[in-house]
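Open the model in your viewer and keep the selection tool at hand. The tour goes stop by stop: what to select, then what is there.

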Amino acid sequence: SLVNRVVSHLVQAIRGKDSFFSSIERYSAGSYYERVKISEPNEFDIMLVMPVPRIQLDESDDTGAYYYVSFKRSPKERGWLKFLEEDGKLSAFKMLDALREIIKQEVKNIKDVEVTVARKKAGSPAITLQIKNPPSEISMDIILTLEAQHSWPHSTQSGLKIEQWLGKKVRRELRLESLYLVAKQNKREKVLRGNTWRLSFSHIEKRMINNHGNSKTCCESNGPKCCRKGCLKLLKYLLEQLKMKYPKELEKFCSYHVKTAFLHSCVTWPNDSDWHLGHLDDCFQQCLRFFVDSLQKSQLTHFFIPQYNLFSLEDKAKHHFLSRKISHELNNGFPVFHE
């Protein structure tokens, strides 16, 4: 409720402060809203989604995930023009900066709650807020997101291989959903200009995780229950615990890595009977072995963009470090869960 109060206040203020941002909408993503948060709900991802008129996408590298955004024709809403570079590209950096300024001013006006804006993290697509909530603190990432009525780019053509798991019809429906782009710096650019956008599928992931059954009644009130969400929670929790133990060695890893491995596991074992509620232990270990295998090969394919490897080959040593730590946990009854 605290987070909702802060977000509602900010969304209203942002819409009122700058007519350009008047169409911004809140979308809640991440593990808390997918009901797969395992420890204290102290981290929240809030996407501020902004509809964008007809755009053109140009790939900024060979991952198929990062794009330059420009307009097909001059937008009716003149406010967009102040965020364009000389070459007509929409600057993620400029938009994020404008939003950050409004939020920095506005948090001072939130009554009864102490909210501060964290320092910028280089290349991060998020504006991070800290909310004092004694005895602890809540961290909230605000992510600026463009919503385009645009067909999914060619790089996604052979991704989302869910035909055996959720069915062809569901795949077709999901691919008709809007395209989301988040303001994310592409580190591979020769000159970092801050004008790249990365495809985001948070809205699709949330739908798949919340409607995860091969039979349409899986985990519904009177339907059979499965352990898929339990597995995802444990995967995230294990990585969280190991990151706390080895912060320096594992800083490159994030929950999106295990979430991707989990989605691939759902495709590898598509039937609800593969995820029987009483088999949580086996299913969790099966998912983990898939992840360890990916780490050993330094190859984790993006679920929606098959040409994009989420593991950078220059981090091989780090992949092997994590694979050794997870194997140790697997073979010794997960001591880290009892520490």
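## Stop one: helices around α7

Select α6 and α7: α6 passes α7 in a right-handed crossing. Keep in mind throughout that this is a predicted model. Helix α6 covers residues 255–268, and its axis comes within 9 Å of that of α7, crossing at roughly 115°. Now show the side chains at the contact. From α6, pick H257, V258, A261, F262, H264, S265 and T268. From α7, pick C287, F290 and F291.

Keep α7 selected and swap α6 for α5. Helix α5 runs over residues 228–245, and helix α7 over residues 280–297. Their axes lie 9 Å apart, at an angle of about 55°. α5 and α7 are therefore oblique to each other. Here too the crossing is right-handed, with α5 passing α7. On the α5 side, the contact is made by G230, C231, L234, L235 and L238. On the α7 side, look for L280, C283, F284, C287 and L288. C287 deserves a label: it belongs to the contact with α5 and also to the contact with α6.

## Stop two: off the end of α7

Move on to S298, in the loop between α7 and α8. Check its backbone. Phi is near 55°, a positive value in a residue other than glycine. Is S298 buried or exposed? Its relative accessible area is 0%, so S298 is buried.

Next, select H319, which sits in helix α8. H319 counts as buried, at 2% relative accessibility. Leaving out residues up to four places away in sequence, H319 touches F253, L295, S298, F311 and S312. So S298 from the previous selection turns up again, as one of the residues H319 touches.

## Stop three: helix α4 and the loop after it

Select M208 in helix α4. This residue is buried, with a relative accessible area of 1%. What does M208 touch, not counting residues up to four places away in sequence? Show L160, I162, W165, L166, L174, L263, F303 and F304 around M208. Draw a C-alpha to C-alpha distance from M208 to L263: 9.0 Å in space, for residues 55 apart in sequence.

From α4, follow the chain into the loop that leads to α5, and stop at C219. C219 has a phi near 65°, another positive value in a residue other than glycine. In accessibility, C219 counts as partly exposed, at 31%.

## Stop four: α1 against α2

Select residues 2–17, helix α1, and residues 92–106, helix α2. The two pack at an angle of about 120°, with their axes 10 Å apart. That angle makes α1 oblique to α2. The crossing is right-handed. Add side chains for the contact: H9, L10, A13, I14 and K17 on α1, facing L99, I102, I103 and E106 on α2.

## Stop five: the rings

Now color the aromatic residues. How many aromatic pairs does a search of the whole structure find? The search finds 18. Zoom in on Y27 and Y180. Their ring centres are 6.1 Å apart and their planes stand at 90°, so this pair is edge-to-face. The pair links distant parts of the chain. Y27 is in strand β1 (residues 25–29) and Y180 in strand β8 (residues 179–183), 153 residues apart. Both tyrosines are buried: Y27 at 18% relative accessibility, Y180 at 7%.

Stay on Y27 and add K206. K206 lies over the face of the Y27 ring, at 4.7 Å from the ring centre. So Y27 has the ring of Y180 as an edge-to-face partner, and K206 over its face.

Then select Y68 and K89. The charged end of K89 sits over the Y68 ring, 4.6 Å from the ring centre.

For the last selection, take F20, F21, F71, W80 and F83 together. These residues form one aromatic cluster.

Terms used: Residues numbered from 1 in each chain as written. Predicted model: local features only at pLDDT ≥ 70, side-chain atom pairs only at ≥ 80, totals over all residues. Heavy atoms only, no water. Phe/Tyr/Trp six-rings, centres within 6.5 Å; stacked < 30°, edge-to-face > 60°. Helix = DSSP H or I, 4+ residues; strand = E, 2+ residues; numbered from the N terminus. Buried < 20%, exposed > 50% of the residue type's maximum accessible area, 1.4 Å probe, protein only. Lys NZ or Arg CZ within 6 Å of the ring centre and 35° of its normal. Axes fitted to C-alpha atoms, helices over the stretch in contact; angles between N-to-C directions. Parallel < 35°, antiparallel > 145°, perpendicular 65-115°, else oblique. Left-handed = near helix turned anticlockwise from the far one by under 90°. Contact = heavy atoms within 4.5 Å.
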